[in-house]
Amino acid sequence: MNPTILSRGIARVLALAAALLLAVPLGASAQAYPAQPIRLIVPFGAGGLTDILARLIAEQLGVRKGWQVVVENKAGAGGNIGAAEVARAKPDGYTLLMGSIGTNATNPFLYKAMPYDAAKDFAPITLAATGTLLLVTNPDLPIKTTEELLAYARQNPGKLMYASGGMGASQHLAGELLKSMAGLDIEHVPYKGLAPAIPDVLAGRVSMTFDMATALPYVKQGKLRAIAVANPERSSALPDVPTIGEAVPGYAASAWYGLFAPAGTPRAVIDVLNKEVTQILREPAMHERLVALGAEPAASTPEELGAFVKAESEKWGKVLSGLNINLD
């Protein structure tokens, strides 16, 4: 046989063998995932909706699949500390982020010194839930609808004040969007979390806020008045309460939470995580638990979450760019 032809044949065989050897571990690792405990980083303190949602998902992954998912709270800098840890982690599917509108969309417009690139450093897995932002007012105000609120604010510029859980919090964003779209002169009063804000709304020291989980019991007691839902759709917990968008066309604001992995995580691992987590989110029992917490489950494909985050970043970037907020 011609030596040249023989050497070419041997080269092809060796190349094919090498390709097969490389492919086997990758395929095996995808099929075996997870082969060790998964760290699910919550970039905020314990007890909030981000934390509760992460723990519900972790619990169900253990019950349904036998996976060991360890939830770790890494709070600080508006979620940037925990998110940065995930961004720097090995992209193998064993370190995940329960991200939010702040960590993955708005923080780049609030902090000049970001420890990660929100647009490039994460691989989206699935949208997990949206938090309902219910616009509530002190019942002593002569306001029962969004239309009446708009009229009152225009007749009394600077008189209405709205509370938030802090600069850049979802309540702050919802209020600024309403100011921008409706041309209102209302004052923002930031607090260190909603816990100290609600008592001031109850006492009438602040006119209103955007909140569901904390405010709903007071709404039922008649101590706060539910005006409208900031989300694009009505809440299943309060189906008779209209959206702000029904009075201000195009208005939509909500808190949201999504599951992310470090950029570069294999697609096979992303697909496994997406399949299992979205199945959990679609369970009726999970829906009931989230609604009771003032949230709605929102399972998605990785591509849908990626497009959603991009749209949210563009939307809120326009709102926040003129406010000159620097939280560093």
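**Figure 1. What the buried side of helix H3 packs against in this predicted model.** The buried residues of H3 pack against quite a list of elements: S1, strand S3 (95–100), helix H4 (101–106), S4 and S10. If you want to pick those residues out in the close-up, look for Asn-80, Gly-82, Ala-83, Ala-84, Val-86 and Ala-87, which are the buried residues of H3. Glu-85 sits in H3 too, with the helix covering residues 80–88, but Glu-85 counts as partly exposed at 22% relative accessibility.

**Figure 2. Glu-85 and Arg-39, a salt bridge between distant parts of the chain.** Here the side chains of Glu-85 and Arg-39 meet in a salt bridge, at 2.5 Å from N to O. The two residues are 46 apart in the chain, with Glu-85 in helix H3 and Arg-39 in strand S1 (residues 38–42). How open to the outside is Arg-39 in this pair: buried, partly exposed or exposed? Arg-39 has 26% relative accessibility, so it counts as partly exposed. Glu-85, at 22%, also counts as partly exposed. As a general point, side chains of opposite charge can pair when their charged atoms come close.

**Figure 3. Asp-200 with Arg-205, and a salt-bridge network elsewhere.** Asp-200 forms a salt bridge with Arg-205, and their closest N and O atoms are 2.8 Å apart. The two partners are covered to different degrees: Asp-200 counts as buried at 16% relative accessibility, while Arg-205 counts as exposed at 52%. The other group to look for is a network of Arg-39, Glu-72, Lys-74 and Glu-85, joined by salt bridges that share partners. The structure as a whole holds 13 salt bridges.

**Figure 4. Lys-179 and Glu-176, a salt bridge within helix H6.** This one stays inside a single helix: Lys-179 and Glu-176 both lie in H6 (residues 170–182). They are three residues apart, about one turn of the helix. The closest N and O atoms of the pair are 3.6 Å apart. Which of the two counts as buried and which as partly exposed? Glu-176 counts as buried, with 9% relative accessibility, whereas Lys-179 counts as partly exposed at 22%.

**Figure 5. Helix H6 crossing helix H11.** The axes of H6 and helix H11 (residues 302–321) come within 10 Å and cross at roughly 75°. Since 65 to 115 degrees counts as roughly perpendicular, that makes H6 roughly perpendicular to H11. On the H6 side, the contact is made by Leu-173, Ala-174, Glu-176 and Leu-177. H11 brings in Lys-315, Trp-316, Val-319 and Leu-320. Sorted by class, the contact has six nonpolar, no polar and two charged residues. You've met one of these residues already: Glu-176 is also the salt-bridge partner of Lys-179.

**Figure 6. Strand S4 and its two strand partners.** S4 is mostly covered, with nine of its ten residues buried. Eight bridges join S4 to strand S10 (residues 255–262), and the two run antiparallel. To find your way along this pairing, start from Thr-130, whose bridge partner in S10 is Trp-256. S4 is also joined to strand S11 (residues 295–297), this time by three bridges, again in an antiparallel run. Here the pair to look for is Gly-131, which stands opposite Ala-295 in S11.

**Figure 7. Thr-132, in the loop after strand S4.** Where does Thr-132 sit? It is in the loop between strand S4 (122–131) and strand S5 (134–137). Thr-132 may be in a loop, but it is buried, because its relative accessible area is 8% and the cut-off for buried is under 20%. Leaving aside neighbours within four places in sequence, Thr-132 is in contact with Asp-211, Met-212, Val-229, Asn-231, Ser-235, Gly-294, Ala-295 and Glu-296. Ala-295 is a familiar name from the previous view, where it stands opposite Gly-131.

**Figure 8. Two backbone details in loops, at Pro-34 and Ala-77.** A cis peptide bond joins Tyr-33 and Pro-34, with omega at about -5°. Pro-34 lies in the loop between helix H1 (3–32) and S1. The other spot is Ala-77, in the loop between strand S2 (69–73) and H3. What is phi of Ala-77? Phi is near 55°, a positive value in a residue other than glycine. Ala-77 counts as partly exposed, at 40% relative accessibility.

Methods: Residues numbered from 1 in each chain as written. Predicted model: local features only at pLDDT ≥ 70, side-chain atom pairs only at ≥ 80, totals over all residues. Heavy atoms only, no water. Helix = DSSP H or I, 4+ residues; strand = E, 2+ residues; numbered from the N terminus. Buried < 20%, exposed > 50% of the residue type's maximum accessible area, 1.4 Å probe, protein only. Contact = heavy atoms within 4.5 Å. Salt bridge = Lys/Arg side-chain N within 4 Å of Asp/Glu carboxyl O. Pairing = 2+ DSSP bridges. Axes fitted to C-alpha atoms, helices over the stretch in contact; angles between N-to-C directions. Parallel < 35°, antiparallel > 145°, perpendicular 65-115°, else oblique. Nonpolar A, V, L, I, M, F, W, Y, C, P; charged D, E, K, R; others polar.
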